[in-house]
Amino acid sequence: MRTSASLRSLARGSPVRPQGPAATPDPAAVLGRFTGGSRAQGAPGEQCEMCAVPIGPVHPHVADVPDHRLLCTCRPCYLLFSTTAASRGHYRAVPETYRHYADFALTPAQWDSLGIPVDLAFFYRQTEGDRYVAFYPSPGGATESLLDLAGWDEVVAANPLLGELIPDVEAVLLRRTGDGVECHLVPIDACYELVGLVRQSWEGFAGGEEVWQRIDEFFARIRERGDG
Ligand SMILES: [Zn+2]
Ligand SMILES: [Zn+2]
């Protein structure tokens, strides 16, 4: 599992803090940085990685599934891989839909069984190995949770909507709150956006006020998109 290994090795490295005001990082650049992909060097969002036309900072993504990377694309290239027929191929369009899973059920004991050390985590189904993988944002990037996922299988069984997730490109994003667990079904690039902002703004042991404010704003945005 090349991706997991490189994610872990990155998590051990010392985080590099960018200077100046924190801009929202391009999700593909964030992912490239911890998978060692070519995205690590290039300026994100400059041109479509399939046909090379110029694209703006806000653009859709196509997942290169076997290679574990996201490609920044123009709209026409993105649409080529959006059909149902294309959804099982090498390249897959990352969906743009956000769903708030209001009836999501997870007990405090089930949360504890997942072994996630922070109040944020995302899970997605990986075609390779046909299994769920779990990550949480950390100052070093996305860290894979190395737990036994039997507890998660129980959660999936109790929450049928999770069975609708599109493998590799759609994720379950969880945030533990005072009242329980907030759950959203989101495009995978949204998770990498969250990883990027945690990496950029995390301070000290608990993260600091700024990072939690940015996390609040991030969740406010996805709640808005989920209602639309
Ligand atoms: Zn293109
Ligand atoms: Zn991009």
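In this predicted model, Q126 is placed opposite R131 of strand 6, within a pairing in which strand 5 (residues 120-126) and strand 6 (residues 131-138) run antiparallel and are joined by five bridges. The loop between strand 5 and strand 6 contains D130, a residue other than glycine whose phi nevertheless takes a positive value, near 45°. With a relative accessibility of 52%, D130 lies over the 50% cut-off and therefore counts as exposed.

Strands 5 and 6 belong to an open sheet of six strands, arranged in the order 4-9-8-5-6-7 with antiparallel pairing. The edges of this sheet are occupied by strand 4 (99-100) and strand 7 (141-144), each of which has a single partner strand, so that one side of each is left without a neighbour in the sheet. Helix 6 (residues 188-201) lies across strands 5, 6, 7, 8 (170-177) and 9 (180-187), and runs at about 120° to strand 9.

The zinc ion (ligand 1) has as its protein donors the SG atoms of C48, C51, C74 and C77, which lie 2.3 to 2.4 Å from the ion. Along the chain these donors follow the spacing C-x2-C-x22-C-x2-C, and the angles among the four donor atoms, 103 to 116°, make the site tetrahedral. Of these cysteines, both C74 and C77 are buried.

A positive phi is also found at A52, a residue other than glycine, where the value is near 70°. A52 is located in the loop between helix 2 (27-35) and strand 1 (61-64), and its relative accessibility of 42% is the reason why A52 counts as partly exposed.

Definitions and conventions: Residues are numbered from 1 along each chain as its sequence is written. Chains are lettered from A and ligands numbered from 1 in the order in which they are written. This is a predicted model: local features need pLDDT of at least 70, side-chain atom pairs count only at pLDDT 80 or more; totals for chains, interfaces and linings use all residues. Side-chain values use heavy atoms; hydrogens and water are left out. Donors are N, O and S atoms within 2.8 Å of the metal (3.2 Å for Na, K and Ca); water is not among the atoms, so sites may look incomplete. Four donors count as tetrahedral if all angles lie between 85 and 135 degrees; four count as square planar and six as octahedral if opposite donors are over 155 degrees apart and all others between 65 and 115; anything else is irregular. Buried means under 20% relative accessible area, exposed over 50%, partly exposed in between (1.4 Å probe, protein chains only). Two strands pair if DSSP finds at least two bridges between them. Helices (H or I, at least four residues) and strands (E, at least two) are DSSP runs, numbered from the N terminus. Contact means heavy atoms within 4.5 Å. Axes are lines fitted to C-alpha atoms, for helices over the stretch in contact, and angles run from 0 to 180 degrees between N-to-C directions.
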